[in-house]
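Reader: I have a chain open here and would like to talk it through with you. Could we begin with how the elements are named, and then go from there?

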Amino acid sequence: CGDIVAKLFRQGFDNLNDRTLIAFLGHADRRVRQQAQFELARRKKWNALRSTANNRKAHQLTRLHALWGMGQIAAKSSGHAGMFARFLNDPDPILRANAARIIGDLGTPVGKSPLIKALQDKALQVRSLAAIALGKTAKPGDTSAINALFRLASGNQDIVVRHSCLAALEQLKAELAASARSISKSREERLVAVLVLRRLAS
């Protein structure tokens, strides 16, 4: 297997057709999967990658690399950013989490509403990455985003999710909202408010 992979890299991926590259997105060797993804993204094969990412019968790794390839294309061109929100409803939590991460990396405002909804996802990783992404996509002071993040942080005992919410609230400059909640009847809400204020003061 090692000799075959080595030969493949010597020959290069630029001579391979699209169908072969799509198949290699599910290869056992991570290096092959990544190189196939990069080559498809370089060729801007958006439709082929989207079709593969949408194929729920495909292997998880195949779909993930297709999704990441879409993210590479979207980062360098306009008009594709809104296409990732649909993956926040995918049955696979790993796909949902990575879709949230890509939306955040793209920083597009169209992702705000789907991300707020994703804060209620059953999977902790999805909620955490959706919170981080929301901090990147919503505008500073955005009331709906800030309120949603406070609700999640105050009602969640998971330290990773709470940290993600705090980072997002800091990015959204939620000082006024935190000040108002610092005298809340809810102990958890007061705690989150104090932590946000400390971050903004530092």
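Author: Helices and strands are taken as DSSP runs, with at least four residues for a helix and at least two for a strand, and they are numbered from the N terminus. Please keep in mind that this is a predicted model.

Reader: Fine, so where is the place of Asp142 in that scheme?

Author: Asp142 sits in the loop between α8 and α9, the latter covering residues 143–154.

Reader: And is Asp142 buried or exposed?

Author: Asp142 counts as buried because its relative accessibility is 16%, and buried means under 20% relative accessible area. A polar atom of the Asp142 side chain also lies 3.0 Å from the backbone nitrogen of Ala145.

Reader: Stepping back, how many helices and strands does the protein chain have?

Author: The secondary structure comes to 12 helices and 0 strands. As for extent, the C-alpha trace spans about 65 × 30 × 30 Å along its principal axes.

Reader: What share of the residues is buried?

Author: Of the 202 residues in the protein chain, 47% are buried. The chain exposes about 10,800 Å², and carbon and sulfur atoms supply 52% of that area.

Reader: What about charges, how far apart are the mean positions of the positive and negative ones?

Author: There are 33 positive and 15 negative charges, and their mean positions are 3 Å apart.

Reader: Let me turn to α6, what does its span look like against what is expected?

Author: Helix α6 takes in residues 93–106, which is 14 residues, and from its first C-alpha to its last it reaches 20 Å, close to the 20 Å expected at 1.5 Å a residue.

Reader: Which residue caps the N-terminal end of α6, and what follows the helix?

Author: The cap is Asp92, with a side-chain oxygen 2.9 Å from the backbone nitrogen of Ile94. After the helix comes Gly107, whose phi is positive, near 65°.

Reader: Which residues of α6 are buried, and what covers them?

Author: The buried residues of α6 include Leu95, Arg96, Asn98, Ile102 and Ile103. Their cover includes α5 (60–76), α7 (112–118) and α8 (124–137).

Reader: One last spot, where is Ala48 found, and how far is it from Ser182?

Author: Ala48 is found in helix α4, residues 46–54, and it is partly exposed, with a relative accessible area of 27%. The C-alpha atoms of Ala48 and Ser182 are separated by 50 Å, the two being 134 residues apart along the chain.

Definitions and conventions. Residues numbered from 1 in each chain as written. Predicted model: local features only at pLDDT ≥ 70, side-chain atom pairs only at ≥ 80, totals over all residues. Heavy atoms only, no water. Expected span 1.5 Å × (residues − 1). Buried < 20%, exposed > 50% of the residue type's maximum accessible area, 1.4 Å probe, protein only. Contact = heavy atoms within 4.5 Å. Polar contact = N/O pair within 3.5 Å; in protein donor to acceptor, adjacent residues only side chain to side chain. Areas by Shrake-Rupley, 256 points an atom, 1.4 Å probe, with all protein chains shown as cover. Lys, Arg positive; Asp, Glu negative; His and termini not counted. Charge placed at Lys NZ, Arg CZ, Asp CG, Glu CD.
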